[in-house]
Amino acid sequence: MANDGLSIGGGLMQALKLRMQYQQSRQKVLAENVANADSPGFRPLDLKPPSVDPARVGVSVARTSIGHMSLSTANGGFDGTGAPRFETTPNGNAVNLEDEMLKVAQNQSDYQLAASLYSKGLGLMKIAIGKGR
């Protein structure tokens, strides 16, 4: 079965759409964490990123040198489980505002990147079918 440009582009567009929906949902969860920074006993939550099969999308990343970074899901210094990296306060609250605000900023940046790529992809598809300029 041959991959045509439309199916590859469609898969990539679906992956970007899924990513933007994830970023929107994550923003709500992170906002709740910040809003409950003073709530006794509150534990911060986070969402697990969606998994996208690169073979299904038709895009892959080649690691051409051993010195290149891997795309593995190593934690890179972040917990990723939603568990607090710092001690909880005496009232049982485990929200660290610095961590939450860093996550919010990164999430916003990730959403903007996905939205920009989605927009550019739509523009390229319009050009390909002769409707864009």
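Is Lys103 buried, exposed or partly exposed? Lys103 is partly exposed, with a relative accessible area of 23%. The points below place that residue in the chain.

1. **Status of the model.** This is a predicted model. Read every value here as computed from predicted coordinates.

2. **Overall make-up.** The chain has three helices and zero strands. Read from the N terminus, the order of elements is α-α-α. Helix H1 covers residues 5-35. Helix H2 covers 54-57. Helix H3 covers residues 97-128.

3. **Burial and surface.** The chain has 133 residues, and 20% of them count as buried. About 10000 Å² of the chain is exposed. Carbon and sulfur atoms supply 58% of that area.

4. **Contacts along the sequence.** Take the contacts in the chain with a separation of 6 or more. Of these, 74% join residues 24 or more positions apart. Two cases of distant partners follow, in points 5 and 8.

5. **Gln23.** This residue sits in helix H1. Gln23 has 1% relative accessibility and therefore counts as buried, the cut-off being under 20%. What does Gln23 touch, leaving out residues up to four places away in sequence? The partners are Asn107, Asp110 and Tyr111. The span of helix H3, residues 97-128, takes in these three positions.

6. **Asp46 and Arg26.** The whole structure holds three salt bridges. In one of them, Asp46 pairs with Arg26, and the closest N and O atoms are 2.7 Å apart. Asp46 lies in the loop between H1 and helix H2, while Arg26 belongs to helix H1, so the bridge ties together parts 20 residues apart in sequence. The two ends differ in cover. Asp46 is partly exposed, at 25% relative accessible area. Arg26 counts as buried, at 11% relative accessibility.

7. **Asp46 and Lys103.** Asp46 also meets Lys103 in a salt bridge, at 3.8 Å from N to O. Why does this pair tie together parts that are 57 residues apart in sequence? Because Asp46 lies in the loop between H1 and H2, and Lys103 lies in helix H3. Lys103 is the residue of the opening question, partly exposed at 23%.

   Lys103 has a further partner, Glu100, with the closest N and O atoms 3.6 Å apart. Both residues lie in helix H3. They are three residues apart, about one turn of the helix. Glu100 counts as buried, at 2% relative accessibility. Which residues are linked in the network of salt bridges? They are Arg26, Asp46, Glu100 and Lys103. Asp46 bonds to Arg26 in this network, and to Lys103 as well. Lys103 in turn pairs with Glu100.

8. **Ala35 and Val95.** Ala35 is found in helix H1. Residue 35 is also where the stated range of that helix ends. Is Ala35 buried or exposed? Ala35 is exposed, with a relative accessible area of 63%, and the cut-off for that word is over 50%. Ala35 and Val95 are 60 residues apart in sequence. In space, their C-alpha atoms are 9.7 Å apart.

9. **Where to look.** Start at Asp46, in the loop between H1 and H2. Follow one salt bridge to Arg26 in helix H1. Follow the other to Lys103 in helix H3. Then step along that helix to Glu100. Finish at Gln23, with Asn107, Asp110 and Tyr111 as its partners.

Definitions and conventions: Residues numbered from 1 in each chain as written. Predicted model: local features only at pLDDT ≥ 70, side-chain atom pairs only at ≥ 80, totals over all residues. Heavy atoms only, no water. Helix = DSSP H or I, 4+ residues; strand = E, 2+ residues; numbered from the N terminus. Buried < 20%, exposed > 50% of the residue type's maximum accessible area, 1.4 Å probe, protein only. Contact = heavy atoms within 4.5 Å. Areas by Shrake-Rupley, 256 points an atom, 1.4 Å probe, with all protein chains shown as cover. Salt bridge = Lys/Arg side-chain N within 4 Å of Asp/Glu carboxyl O.
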